[in-house]
Structures are given as structure tokens and as C-alpha cells.
Amino acid sequence: MVGVDVYSSTDLVNWKNEGVALEVSDDPASDITRGCVLERPKVIYNAKTGKFVMWFHLELKGNGYNAARAGVAVSDSPVGPFTFLRSGRVNPGVLPLDLQTEEAQAKYTEVNYDTYNKDKDPQAEEWWTEQFLADVEAGMFAKRDLEGGQMSRDMTLYVDEDGTAYHIYSAEENLTLNIAELSEDYLSHTGKYVRVAPAGHNEAPAIFKKDGTYWMITSGCTGWAPNAARMFSAPSVMGPWTQYENPCRGEKSEITYGGQSTYILPYNGNYIFMADIWRPKFPSDGRYLWLPIQFDENGIPYLEYMSAWDLNTFKAVEE
Ligand code: GAL
């Protein structure tokens, strides 16, 4: 384990290895000491500060997936070296906007995680009663984690047209997505955040905007094994988000053709869906699946497997 590698390309086909952008530390006291779990890094450019800002999912060494932290690092260049700033849970002491309404407060006041058997894994199926899901929706885990901050595992970043950046991550034991606004320098959270699809069990969020509509593709939660993708749309980043059918069509659409969403790259008015094909036994042999996003006659995005394509495919898709 060396840290976060970076590659560059001018045509998305030929790639140059630029080395290690963020190095893990040899100091055992560092949050990112060698042996930690550092996943799903994303880098955005801040036009005001001229800095490149990296956020990632961090699990502390020797502690499984319990830490559920977000880490942040900064650099003057996209190839690094990135300087690690800190890691932690998100927005401690602050309630999400959707739980601040009078209606939400009535239910929120009632729920209490202590009424559940805390020795049990919240992912265990026996927990998945209607009552449990209703309690999650009412904010049971958001409340449990209020003081220390919300859990943050699978994540992405999104910079809106007005320069505001958002951190989108799986919170509440991976049961609920959070969308949290970042500060002007992108290095911290402003305290403004919403929950998306509470109790919906979404991971691997990837987001893009087309013709004024925000689209988000996610996965379900089955560890390294692929599952069916989900899709949502919203008129603003902060929602409200509406869920659609699985955007994948055709054979193997129920397992996203073997991949799990990781990012959506805008390219000349088109969009490339990027997925990871994990090889958990040999992580460094993991592969990628990139597909052009297509749109139906109502402008709804969908995906079809293609064994080969190039950037000219976008024209073909449009015709
Ligand atoms: C997946 C998640 C990955 C990784 C993995 C660990 O569901 O999307 O990012 O955390 O679980 O088992």
C-alpha cells in the first residue's frame, strides 16, 4: 500500500503514470498510516484558492470499517504531492436540514437507537423490520451519530456551476446518503446537509447535471460483489431527490455488468459512466468499466453494455 496513485491523459485512451499523489504515512500515529483503508478518493479544483482538494473514505488501521471517516488533503498540483490535513466524521452536532422541519421533528424526537440490541450488526437481516426502517427514516442513526458527526463511507464530490462543492457519502451504517455542502475553500463542511433515500441502502454515489437536472447513480450494498444500480434525479443538489428504475438495460443489468459506480465524467456535452470491477482477492488487479450514458426520448439516462467503444460513439448514440 503506497497511497493514492494518479494517471493523466489528454485523450482518455492513452494514460501516463504520474506516481503517488497522496502517500500513506510511516508514522503509526498518523490517521493515514500504512495499513489504513483509504477508498474512493476524489479530487476537485478550487478556482478561488487555486488548490486541488482531495476527499476520501478513511478507515483507521486495525479497526475494520468502524471509523467511517472522511479524510481531506490539499495540493498545488493535481499530481500532488497532496498534504493530508485531517480526518473525521461529518458535521458533528448539526442536524440535517430535512430533520429540522416541524413534521420531521415530531418523529425524530420519538426514535431511540438504544431500544435496539446494540450488539447486533445494523446490517443483519433480522433488523430489517418495517419498524426498523421507519425508525431509520425518522432519523434514528442521524440522532445516534449527532454528537460525534455522521458516518462517511463511500463518497463522491460534486462542484456545481456556481462553484459550490458538495460531499456526497453513505452515512447511517450505509443506510442513508448525505449530501453536505463544503466551505468556500472546499476544506471543511458548512453544516448544511440533507439526507437522501433514508433507509434506502445506497453506496457508490456518482452525480452529473444535464439541462438543469441533477442525476445520481448509486449501487446497493453487497460488499465487493456487484449488484443492481439505482438512479435518482433532483432539481437542485440539495434535493428533493426522486428515485427511478435501474438505469442499466440488457444482459447482466442486474449486476451493473459486473461493475459498481464510481464517477461520471462530463465529456463535450456527453457523460461517461465509470465503474469499478473489484477483484477483492487481488485488489491491484481490479478493472474498470466505462460506458457512454445514453438518454431516452424523455431525456432519462440509461446504460447499455458495450464490449468496445470510443469517443466517436457519442455521435452514434445521438443519431
Ligand atoms: C463496498 C463499497 C466499497 C468498499 C467495500 C468494502 O460495498 O462500495 O467502496 O467499501 O464495500 O467491503
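**Exercise 1. Determine whether N91 is buried or exposed, and describe its backbone.**

Step 1. N91 has a relative accessibility of 7% and therefore counts as buried. Buried means under 20% relative accessible area, exposed over 50%, and partly exposed in between, with a 1.4 Å probe and protein chains only.

Step 2. N91 is located in the loop between β6 and α1. Helices (H or I, at least four residues) and strands (E, at least two) are DSSP runs, numbered from the N terminus.

Step 3. Although N91 is not a glycine, its phi is positive, at about 50°.

The model is predicted: local features need pLDDT of at least 70, side-chain atom pairs count only at pLDDT 80 or more, and totals for chains, interfaces and linings use all residues. Residues are numbered from 1 along each chain as its sequence is written, and side-chain values use heavy atoms, with hydrogens and water left out.

**Exercise 2. Carry out the analogous description for Y186.**

Step 1. Y186 is found in the loop between β9 (176-182) and β10 (189-196).

Step 2. Its phi is near 70°, a positive value in a residue other than glycine.

Step 3. With a relative accessible area of 4%, Y186 is buried.

**Exercise 3. Locate the cis peptide bonds that join G80 to P81 and G239 to P240.**

Step 1. Between G80 and P81, omega is about 0°. P81 belongs to the loop between β5 (69-75) and β6 (83-88).

Step 2. Between G239 and P240, omega is about 5°. P240 belongs to the loop between β13 (230-234) and β14 (242-244).

**Exercise 4. State how many disulfides the structure holds, and examine C248.**

Step 1. A disulfide is a covalent bond between the sulfur atoms of two cysteines. The criterion applied is a pair of cysteine sulfur atoms within 2.5 Å.

Step 2. The structure holds zero disulfides. C248 takes part in none, and the nearest cysteine sulfur, that of C221, is 16 Å away.

Step 3. C248 is buried, with a relative accessible area of 6%.

**Exercise 5. Describe the surroundings of K42 and of Y116.**

Step 1. K42 lies in strand β3 (residues 37-46), and its relative accessibility of 8% makes it buried.

Step 2. Contact means heavy atoms within 4.5 Å. Leaving aside neighbours within four places in sequence, K42 is in contact with several residues, among them V53, W55, L157 and Y263.

Step 3. Y116 is placed in the loop between α1 (102-110) and α2 (130-137), and at 17% relative accessibility it counts as buried.

Step 4. Not counting residues up to four places away in sequence, Y116 touches W127, Q131, F132, D135 and M140.

Step 5. The C-alpha atoms of Y116 and I264, 148 residues apart along the chain, are separated by 38 Å. For K42 and Y305, 263 residues apart, the separation is 25 Å.

**Exercise 6. Explain why the radius of gyration agrees with that of a compact globule.**

Step 1. The radius of gyration is taken over C-alpha atoms, and the globule rule is 2.2 Å times the number of residues to the power 0.38.

Step 2. For 319 residues a compact globule would have a value near 20 Å; the protein has 19 Å, which agrees.

Step 3. As further description, the C-alpha atoms fill a box of roughly 55 × 50 × 40 Å along the principal axes. The protein has four helices and 20 strands, and buried residues make up 48% of its 319 residues.
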